[in-house]
Amino acid sequence: FFTENTISEYKSLIQKSFCFDQYTIDTEEQFDEIYEKYKNSEDILFRGQREASWRLYGRLQRQWILDKLYEKGYTYQELLAKFVSEGKANFEENILTLLEIHHIDVINNISVLGFLQHHGCPTPLLDWTYKFHTALYFGIDRIEKNIGPREIDNYFSVYYINQNDMEGGGM
């Protein structure tokens, strides 16, 4: 599944089913049923991806592999620590202003990485949303018709996790 210099993908829906509970939607009725179930949910996090074969990689993870950043003299953890350190040094005031808007008064590595991610810096963070329709948008944004033989390439993915399932877990 993983090597330091290869982006891994799921080769089939069966392979992916070993990692996730999944529902395959092939009809309008099936879509309508799922849409009605999740359109107004408030305690579920969603993530949409236009390729069902893609694994859940952050941008930094993809760049680490594709741009061979592991050959630049840093470990992954060292590069991440460098981003956080420089992010705090250069943007702490901006980050604290954003945190204050959301009634958060502590700057931490996640808040720094979140700020950097939304200002063009690659991070290991993945964007999730509480809005099902937002995840659907990202699932179909720039989607292309499959012309290959793999069944998995006929689908996009919307991942979800109940917020309560994250309690007691760490970042």
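In this predicted model, helices H3 and H4 pack with their axes 12 Å apart and at an angle of about 130°. That angle makes H3 oblique to H4, and the handedness of the crossing, as H3 passes H4, is right-handed. Two numbers are a good start here, because a pair of packed helices is described by the angle between the axes and the distance between them.

Which residues bring the two helices together? From H3 come Leu60, Gln61 and Trp64, and they meet Tyr76, Leu79, Leu80 and Phe83 in H4. By type, the residues of this contact divide into six nonpolar, one polar and no charged.

Here are the two helices side by side, with their partners in the contact.

| Helix | Residues in the contact |
|---|---|
| H3 (residues 59-66) | Leu60, Gln61, Trp64 |
| H4 (76-101) | Tyr76, Leu79, Leu80, Phe83 |

Now take H3 by itself. Leu60, Trp64 and Ile65 are buried in this helix. Why do they line one face of H3? Seen down the helix axis, the buried residues fall within an arc of 130°, so one face of the helix holds them. Helix H4 is included in what covers these buried residues. Leu60 and Trp64 thus appear twice in the story: they are buried in H3, and they also meet residues of H4.

Next, a look at what lies on either side of H3 along the chain. After H3 comes lysine 68, which has a positive phi, near 50°. On the other side, the loop between strand E1 (44-49) and H3 is the place of serine 53.

Is serine 53 buried or exposed? Its relative accessible area is 2%, and since buried means under 20%, serine 53 is buried. Leaving aside residues up to four places away in sequence, serine 53 touches Glu9, Tyr10, Arg150, Ile152 and Asp153.

Finally, let us step back to the whole protein chain. Its secondary structure comes to six helices and two strands, and from the N terminus on the elements run α-α-β-α-α-α-α-β. Along the principal axes, the C-alpha atoms fill a box of roughly 50 × 40 × 30 Å. The chain has 171 residues, of which 29% count as buried. How much of the contact network links residues 24 or more positions apart? Among contacts with a separation of 6 or more, such pairs account for 71%.

Technical notes. Residues numbered from 1 in each chain as written. Predicted model: local features only at pLDDT ≥ 70, side-chain atom pairs only at ≥ 80, totals over all residues. Heavy atoms only, no water. Buried < 20%, exposed > 50% of the residue type's maximum accessible area, 1.4 Å probe, protein only. Helix = DSSP H or I, 4+ residues; strand = E, 2+ residues; numbered from the N terminus. Arc of directions from axis to C-beta. Contact = heavy atoms within 4.5 Å. Axes fitted to C-alpha atoms, helices over the stretch in contact; angles between N-to-C directions. Parallel < 35°, antiparallel > 145°, perpendicular 65-115°, else oblique. Left-handed = near helix turned anticlockwise from the far one by under 90°. Nonpolar A, V, L, I, M, F, W, Y, C, P; charged D, E, K, R; others polar.
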